[in-house]
Amino acid sequence: MISESELIEEIANRLGVRAERGRRFAELTSLRVGGAIDWVISPKTEAEAAAIVYELDQAGIGWRPLGSGSNVLADDHDHHYVVLNMSELKGEVRIEGDRVSVSAGYSLPRLCIDVARAGLSGIEGLGGIPGTVGGALWMNAGAYDHEIGTVTETVRVAREGKVIDVPGESIEWNYRHTSFKEGELLLGATLKLTPDEPEKIKERMDEAKSRRLASQPHGSRSAGCFFKNPPASTIGTGKMIDDMGMKGQRRGSAIVSPVHANFIVTEGENARAEDALALAEEIRERVRREQGIELEYEVELWRSNPEPPSEKGEQES
Ligand SMILES: Cc1cc2nc3c(=O)[nH]c(=O)nc-3n(C[C@H](O)[C@H](O)[C@H](O)COP(=O)(O)OP(=O)(O)OC[C@H]3O[C@@H](n4cnc5c(N)ncnc54)[C@H](O)[C@@H]3O)c2cc1C
């Protein structure tokens, strides 16, 4: 029987897409933690990405898309699935009037600069959010009164091996959550922005940047806010954790940032996801006990999974 690995290699070779073994989440995520990945496949165009996931689905091979890994905490064990590395699917930005078309792997901060220079307003608050356009669309990234969903006219998604346009209005854009379903690959988007003077847009971007620099750790390894703000609470999660005196609290290689209590940062070459997770659970437990509030993760927790039987067989024989 052909093993899953042989099948993956065959599909990637046939479609001319790079497929690698031996990579780790620790190199691919901003927290710099997480275990080994069976395969990382890096498509360079929207059509290639659509074709790859179609073939993987047909073959029953599990995959997950990853952008810059700035909102993912992957556990320390072996992850037996394909990571579709979207950060190389950069394409190019096309601006026509007030419409901007961009591929999923393009950097969101870079896009904010490009459109500001072109005199288009609507995403300048997002300039300091690390990550790709695809990652931002997936969870409706937002900051300083801007959310990507409010300016998204269409999203290009992969369906049956093809690139399909989905109208932005048909998508539910909620607080750090959208109606996209697991297994849906976002390939790119067209944004509809508002013309304004480039200097004014730049001023607003600079203002958002200074506010961010004043309130968040920079140069540290984090995934941004670890928890969402609770809907019914008048105070934000960061303030709540700060009030419990947890800033600077440590679990092994993970620390509650002394700058912003809703940021968990990691330290050291061999930092471990289990430390970050244990610290996060300690925070949740205290907030539950002392405030009666159930904190919801904003960061995505990616669990490892058992090895497929065909691979086990291959190693044993
Ligand atoms: C210092 C710092 C500050 C931050 N500040 C903010 C902030 O102010 N506001 C905010 O909203 N976020 C913030 N974040 C979180 C993070 O940057 C955003 O969520 C960002 O949009 C994630 O993009 P990414 O490319 O890194 O996605 P990843 O972390 O790689 O992935 C996140 C999720 O999106 C999915 N995904 C990624 N690409 C695709 C695709 N093409 N198709 C389908 N699914 C996809 C992944 O499967 C995963 O489920 C911050 C993070 C850091 C480190």
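**Exercise 1. Find the partner of β7 in this predicted model and work out how the two strands are joined.**

Step 1. Start with the pairing: β7 and strand β8 (residues 99-103) run antiparallel, and three bridges join them.

Step 2. Now look at residues that face each other across the pair. Arg94 stands opposite Ser101 in β8, and Ile95 stands opposite Val100 in β8.

Step 3. Follow the chain through the turn. The hairpin of β7 and β8 has two residues between the strands, and Gly97 takes a positive phi near 60° there.

**Exercise 2. Extend the sheet beyond β8 and decide which strands stand at its edges.**

Step 1. Move on from β8 to strand β16 (residues 186-192): these two pair in the antiparallel sense over five bridges. As a checkpoint, the bridge partner of Val102 in β16 is Ala189.

Step 2. Put the strands in order. The open sheet has five strands, arranged β7-β8-β16-β12-β13, with antiparallel pairing.

Step 3. Look for strands with a single partner. β7 (94-96) and β13 (162-167) each have just one, so they stand at the edges and one side of each is left without a neighbour in the sheet.

Step 4. Add the twist, which averages 20° from one strand to the next.

**Exercise 3. Describe the shell of residues around the ligand.**

Step 1. Pick out the residues that come nearest. Of the 31 residues around the ligand, these are Gly67, Gly131, Gly134, Gly135 and Gly224.

Step 2. Assign residues to elements. Those giving two or more residues to the shell are β4 (63-66), α5 (133-139) and β10 (142-143). The most come from α5, which gives five residues.

Step 3. Sort the shell by class: 15 residues are nonpolar, 13 are polar and three are charged.

Step 4. Check the domains. Domain 1 (4-88) and domain 2 (94-213) each supply at least three residues to the shell around the ligand.

**Exercise 4. Does the radius of gyration of the chain agree with, or depart from, that of a compact globule?**

Step 1. Take stock of the chain, which contains nine helices and 21 strands.

Step 2. Get the dimensions: along its principal axes, the C-alpha trace spans about 60 × 50 × 35 Å.

Step 3. Compare with the expected value. For 317 residues, a compact globule would have a radius of gyration near 20 Å; the chain has 20 Å, so the two agree.

Step 4. Finish with burial: 42% of the 317 residues in the chain are buried.

How values were computed
Residues numbered from 1 in each chain as written. Predicted model: local features only at pLDDT ≥ 70, side-chain atom pairs only at ≥ 80, totals over all residues. Pairing = 2+ DSSP bridges. Helix = DSSP H or I, 4+ residues; strand = E, 2+ residues; numbered from the N terminus. Axes fitted to C-alpha atoms, helices over the stretch in contact; angles between N-to-C directions. Near = placed C-beta within 6 Å. Nonpolar A, V, L, I, M, F, W, Y, C, P; charged D, E, K, R; others polar. Domains from an automatic or database assignment. Rg over C-alpha atoms; globule rule 2.2 N^0.38 Å. Buried ≥ 20, exposed ≤ 12 C-beta atoms within 10 Å, placed from the backbone.
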